[in-house]
Amino acid sequence: MWLAGALVLLLGGCDTLSTDKTPDRIKDGTAELELTVTGRPTPGTLATAEHVLARLEARDADGLAELAAEGGEREKDAKRWVARWGDAAQRPATVDFRLGEMEASADVRFKGERSRLSLLLIPKDKNKPYDDRFVVVLGEDQ
């Protein structure tokens, strides 16, 4: 009887054979961010902004380009953003979210930085605008 129960647990998706139990927030670098959030982000807009800031902090232009909206010169724009904001992203930040009907914007203020970084977050899939998955527009700074 116990064998049947063990097989149900094993085959039922309990993932008992997986040895990596590291939380995703540790793996993707967002757990280490010193971040204060204001406004009313959705889980999707907050996650996208966190990932953008983690990529800037890591000076990871390739990773930032992967978070970008289709079109334009994502790799070139990501490198420009990392060059401009990489140093500032090493410091604590405050992110103020504003939601539109389907998109969101977030103003990022890094401690000690006079300028602010404005993020425009748009739905990842234009055919599913309300599924709370977003990408960032990397064109000219907003």
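**Exercise 1.** Is Asp77 buried or exposed, going by relative accessibility?

*Solution.* The model is predicted: local features need pLDDT of at least 70 and side-chain atom pairs count only at pLDDT 80 or more, while totals for chains, interfaces and linings use all residues. Residues are numbered from 1 along each chain as its sequence is written, and side-chain values use heavy atoms, with hydrogens and water left out.

Step 1. The cut-offs are under 20% relative accessible area for buried, over 50% for exposed, and partly exposed in between (1.4 Å probe, protein chains only).
Step 2. Asp77 has 14% relative accessibility, so Asp77 counts as buried.

**Exercise 2.** Find the salt-bridge partner of Asp77 and place the pair in its helix.

*Solution.*
Step 1. A salt bridge requires a side-chain nitrogen of Lys or Arg within 4 Å of a carboxyl oxygen of Asp or Glu. The structure holds 9 salt bridges.
Step 2. The side chain of Asp77 meets that of Arg80 at 3.5 Å, N to O.
Step 3. Both residues belong to helix H5 (residues 74–85), where being 3 residues apart separates them by about one helical turn. Helices (H or I, at least four residues) and strands (E, at least two) are DSSP runs, numbered from the N terminus.
Step 4. Arg80 is partly exposed, at a relative accessible area of 29%.

**Exercise 3.** Describe the salt bridge between Glu73 and Lys76, with the accessibility of each partner.

*Solution.*
Step 1. The N to O distance between the two side chains is 3.8 Å.
Step 2. Glu73 is partly exposed at 47% relative accessibility, whereas Lys76 is exposed, with a relative accessible area of 55%.

**Exercise 4.** Which parts of the chain does the pair of Glu113 and Arg84 link?

*Solution.*
Step 1. Glu113 and Arg84 form a salt bridge, their closest N and O atoms being 3.0 Å apart.
Step 2. The pair links distant parts of the chain, 29 residues apart: Glu113 is in the loop between strand S3 (104–110) and strand S4 (117–123), and Arg84 is in helix H5.
Step 3. Glu113 is partly exposed, with a relative accessible area of 22%, and Arg84 is partly exposed at 34% relative accessibility.
Step 4. Through salt bridges that share partners, Arg84, Arg91 and Glu113 are joined into one network.

**Exercise 5.** Work out how S3 pairs with strands S2 and S4, and what surrounds Ser118.

*Solution.*
Step 1. Two strands pair if DSSP finds at least two bridges between them.
Step 2. Strand S2 (residues 93–99) and S3 run antiparallel and are joined by 7 bridges; Val95 has Val108 in S3 as its bridge partner. A hairpin of 4 residues joins S2 to S3.
Step 3. S3 and S4 are also antiparallel, over 5 bridges. Their hairpin has 6 residues between the strands, and Gly112 in the turn has a positive phi of about 85°.
Step 4. S3 is largely enclosed by the rest of the structure, because 5 of its 7 residues are buried.
Step 5. Ser118 lies in S4, stands opposite Asp107, and is buried at 7% relative accessibility.
Step 6. A polar contact is a pair of N or O atoms within 3.5 Å; within protein, one must be able to donate a hydrogen and the other to accept it, and residues adjacent in sequence count only if both atoms are side-chain atoms. The side chain of Ser118 has such contacts with the side chains of Asp107 at 2.8 Å and Arg116 at 2.4 Å.
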